[in-house]
Amino acid sequence: MEAALAREPVGRRVLPSLGLLLMAGGLLLLAWVTHSFWQPGTAPYRYQRVEQGGIEHFAHLGLGAWPDLAITKYEIHVDGLDQPVAVGHVARRGSASPVMLDWDNRSGEPLVFSDTRLTELKPLAAAVSKHTPKEALLLAWWDTARQLHLLTGRDVAYDAHLGQPLVAPAPWRHHDLSIVRYEREFWGAPPNDVDAQRFARFAEALASESDRGAAMLRELAGNREAYVIVHVSDLYKLGLQFPDRLGVAYKDLILKGDVHGQISYVKRWVAENRYSAYTVHELSGQQARAYAVTDARSGQTLLAQMLPLGSSNPTEMQALQLVYQHGGYWVYRIPADGSASPASMTKPS
């Protein structure tokens, strides 16, 4: 079974196929989005705490390198459904703000956060801690930045729960204000203007042409040693933020064996829709997701050039220097003078 959801520059969406609905719960999925449509005054979902404790209580998460974290497991529920539409693990240290550390979306629709796999995040955090200077500045999408600040202690350009862009299925779009209000109530104080402005500048850099975007990142970094971390799922979020600059489509794949067995199928999907380039990211042993940029102009954005989309080669970037890659994460050093230097966290795989 497979499914598709497209985000094109003009904002047109291709709704999920029946195959995805069956995979994600079939008519139950239709039930909860329909039910939420008629209740515009409140957020169409709620966080429900189910467990909390130290890392020893959540041994399966493998967080032994961070023994001082307090963990809370939440299920995200929608009225009318017995099963959660997503499950997340929230971490915090002391009285600091909570951070969504692990997110498993089970709905089959984009929902609040991008899926986060600790099997990818933990090695990234370990590499950043080991191979970057303690005074280094990290630039990443706000959710990734908060995770890395929590796990590495490195400084980040913004550390607030910004909640941008709003990630929600189409029937929830009229709930925008209630979702924003609920998220801010759950996560605490609203972001300050400085964090919001710096993140907006970061996102604009990723959505700009490659050389201009890299210059904007150097401006954000100032004179500091700085690294920019991107994930393939950032394509979708950036496409929501700048639909006029970056057209993005994705297709979920049920794996039958290795992810490469689906490549020919993905190539047909790309050719039939005349998309410009694509990449495939394995979410688990059973599921992968193909991302495509829908036109050549989108492929010239800095983010598209930083990811292995077929039309780009991250190892040959001149404006930024690739120093690490694991799973869906790609890490670049931002040379202060605009020229690469021979630094590396580890050999990119």
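User: Let's start with R274: in which loop is its place?

Analyst: This is a predicted model, by the way. R274 sits after one helix and before a strand: the helix is α9 (263–273) and the strand is β11 (277–282). So the place of R274 is the loop between α9 and β11.

User: Is R274 buried or exposed?

Analyst: R274 isn't a glycine, yet its phi is positive, about 60 degrees. Its relative accessibility is 74%. Exposed means over 50%, so R274 counts as exposed.

User: And V112, in the loop between β6 (99–105) and α3: buried or exposed?

Analyst: V112 is another residue other than glycine with a positive phi, near 65 degrees. Its relative accessibility is 14%. The cut-off for buried is under 20%, so V112 counts as buried.

User: Which helix gives the largest share of the largest nonpolar core?

Analyst: That core has 98 residues, and Y47, F202, L217, V228 and L320 have the most contacts inside it. The largest share is 6 residues, and they come from helix α3 (residues 118–131).

User: What is V228 in contact with, leaving aside its neighbours within four places in sequence?

Analyst: V228 is one of the residues with the most contacts inside the largest core. Two others from that group, F202 and L217, touch V228, and so does L320. The full list is L139, F202, L217, M306, L320, W330, V331, Y332 and I334.

User: Which peptide bond is cis?

Analyst: Look at P165, in the loop between β8 (155–156) and α5 (176–187). Omega is near -10 degrees for the cis bond, which runs from Q164 to P165.

Notes:
Residues numbered from 1 in each chain as written. Predicted model: local features only at pLDDT ≥ 70, side-chain atom pairs only at ≥ 80, totals over all residues. Heavy atoms only, no water. Core = buried A, V, L, I, M, F, W, Y, C linked by side-chain atoms within 4.5 Å. Buried < 20%, exposed > 50% of the residue type's maximum accessible area, 1.4 Å probe, protein only. Helix = DSSP H or I, 4+ residues; strand = E, 2+ residues; numbered from the N terminus. Contact = heavy atoms within 4.5 Å.
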